[in-house]
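Please open the model in your viewer and keep the selection tool at hand, since this tour moves from one selection to the next and says at each stop what is there.

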Amino acid sequence: MTLLARAGLLFAGTITAILATAAPALAHGADAPNGTDYRVTVTAAGHPDLRVRVIEAGARLELTNTGATPVEVIGYSGEPYLRIGPDGVYENSRSPATYLNRTLVGDTALPAEADPAAEPRWHRVDGGTTARWHDQRALWREAEPPAQVRAAPDREHRVRDWVVPLRGADGPTEIRGTLDWVPPPDAYTWWVVTVVGVLAVGALGVLPAASGPGRRALAALGGLLIVGGAAAVAVALGRTLDAGAQGPGGVLAGLLTGPVWTLLTGLAAIVVGARAATGVAASSAPRSHVDFLVALAGVCLALFAGVTNIAGFSRAVLPTPWPPTVARTLVVLVMVAGAGALAAALLRLHTAARRPSATTAVTR
């Protein structure tokens, strides 16, 4: 089997893997969106012992109770929903909010035991003092944007002020915040930059692999893979931090249970890029084998770390702790390095596959 055929099988296998894992990924993505045009902001936490913040691009609220007494989050019908205190986090299995808040759209079917008027039935869900949940009061759940947004979509709008009631040892209090519409960016500009970058990098593949410029082109592809891999790792880290991970252990656990494919493909691209950039001359392996590794790293980087985060080109609020422009720039670097390296490596493999036939023809 020729290297070109192997590259084709590689691409087909990667597409199959993407399709095979699409359903679970989309199911998880419903709870951790790739972006939105609605900005959720907390303006008051309700008590000095409470720390409240927005995570996952506004999809969830996070409440940490540092006090000595528990606090209850009140559900949609005035019933106790969550209890967070020194002894852990508890859910009331009779609160409808326990089930409605399991998904971002609040479409979980309610069991028979869900009754806001019934005596609470608490069960422990976490041993810490932090709870994270979707709260429909802080979200825009309609398919269409509000009327004022439809009338002027290019302007920022205050959609509403929201309140989440709490009850503590000192009596009732509340979390307050705002929900705003933020105009999305011009996705066309980001796509143009990406496509032009991919074409420019892919053009390196037309240089003869055995020539001096061809060897320098392979080293350049290796350097680009290192940059793209580092950008992918940064994307994975940003999503993990935005999901609420704290401390080295929490961040590591979040990386391994969250955007793990983005992380792994980024690390693999760095390894392959280092070999292509610095180890080609000293390696005894045929240069075409290195090209195949570059193609493999490129296609995985583009698909698993680039395409999965491309929605950020057209969304205003992204799941990242840094400015959206930085997040989009990282995705552009991932796509240009991944897709560009793939295109260039396939061109080099195609040239290598044709060379033996041309040599045989001359000999005959």
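Begin by selecting Glu-56, which counts as buried because its relative accessibility is 12%, where buried means under 20% relative accessible area, exposed means over 50%, and partly exposed lies in between (1.4 Å probe, protein chains only). Before going further, note that this is a predicted model, in which local features need pLDDT of at least 70 and side-chain atom pairs count only at pLDDT 80 or more, while totals for chains, interfaces and linings use all residues. Residues are numbered from 1 along each chain as its sequence is written, and side-chain values use heavy atoms, with hydrogens and water left out.

**The loop between S2 and S3**

Glu-56 sits in the loop between strand S2 (50–55) and strand S3 (60–65); helices (H or I, at least four residues) and strands (E, at least two) are DSSP runs, numbered from the N terminus. The phi angle of Glu-56 is near 55°, a positive value in a residue other than glycine. Now add Ala-57, which is found in the loop between S2 and S3 and has a positive phi of about 55° although it is not a glycine. Ala-57 counts as buried, with 8% relative accessibility.

**Strands S1, S9 and S10**

Next select strand S1 (residues 38–44) together with strand S10 (residues 171–181), and you will see that S1 and S10 pair in the antiparallel sense over six bridges; two strands pair if DSSP finds at least two bridges between them. Within this pairing, Arg-39 stands opposite Asp-180 in S10. Then add strand S9 (residues 157–168), which runs antiparallel to S10 and is joined to S10 by eleven bridges. Where S9 gives way to S10, a hairpin of two residues joins them, and Gly-168 stands opposite Gly-171 in S10.

**Salt bridges**

Side chains of opposite charge can pair when their charged atoms come close. A salt bridge here is a side-chain nitrogen of Lys or Arg within 4 Å of a carboxyl oxygen of Asp or Glu, and a search of the whole structure finds twelve salt bridges. Keep Arg-39 and Asp-180 selected and add Glu-156, Arg-158 and Asp-161, for these five residues are linked in a network of salt bridges.

Which residue does the side chain of Glu-62 meet in a salt bridge? Select Arg-53 to find the partner, with 2.6 Å from N to O. Glu-62 counts as buried at 3% relative accessibility, whereas Arg-53 is partly exposed at 29%.

Move on to Arg-121 and Glu-113, which form a salt bridge whose closest N and O atoms are 3.3 Å apart. Arg-121 is partly exposed at 40% relative accessibility, and Glu-113 is partly exposed at 33%. Then select Arg-176 and Glu-174, whose side chains meet in a salt bridge at 2.3 Å, N to O.

**Aromatic rings**

Rings of Phe, Tyr and Trp (its six-membered ring) pair if their centres lie within 6.5 Å, and planes under 30 degrees apart count as stacked, over 60 as edge-to-face and the rest as tilted. By this rule the count comes to five aromatic pairs. For one of them, select Tyr-38 and Trp-140: their ring centres are 6.3 Å apart and their planes lie at 20°, so this pair is stacked. Tyr-38 lies in S1 and Trp-140 in the loop between strand S8 (130–133) and helix H4 (147–151), so the pair ties together parts that are 102 residues apart in sequence. Tyr-38 counts as buried at 15% relative accessibility, while Trp-140 counts as partly exposed at 26%. Add Trp-181 to the selection, and you have one aromatic cluster formed by Tyr-38, Trp-140 and Trp-181.

Now select Arg-83, bearing in mind that a charge sits over a ring if NZ of Lys or CZ of Arg is within 6 Å of the ring centre and within 35 degrees of the ring normal. Arg-83 lies over the face of Tyr-90, at 4.6 Å from the ring centre, and also over the face of Trp-122, at 5.0 Å from the ring centre.

**A last stop on helix H5**

Finally, select Val-192, whose place is in helix H5 (residues 187–202). Val-192 is partly exposed, with a relative accessible area of 35%.
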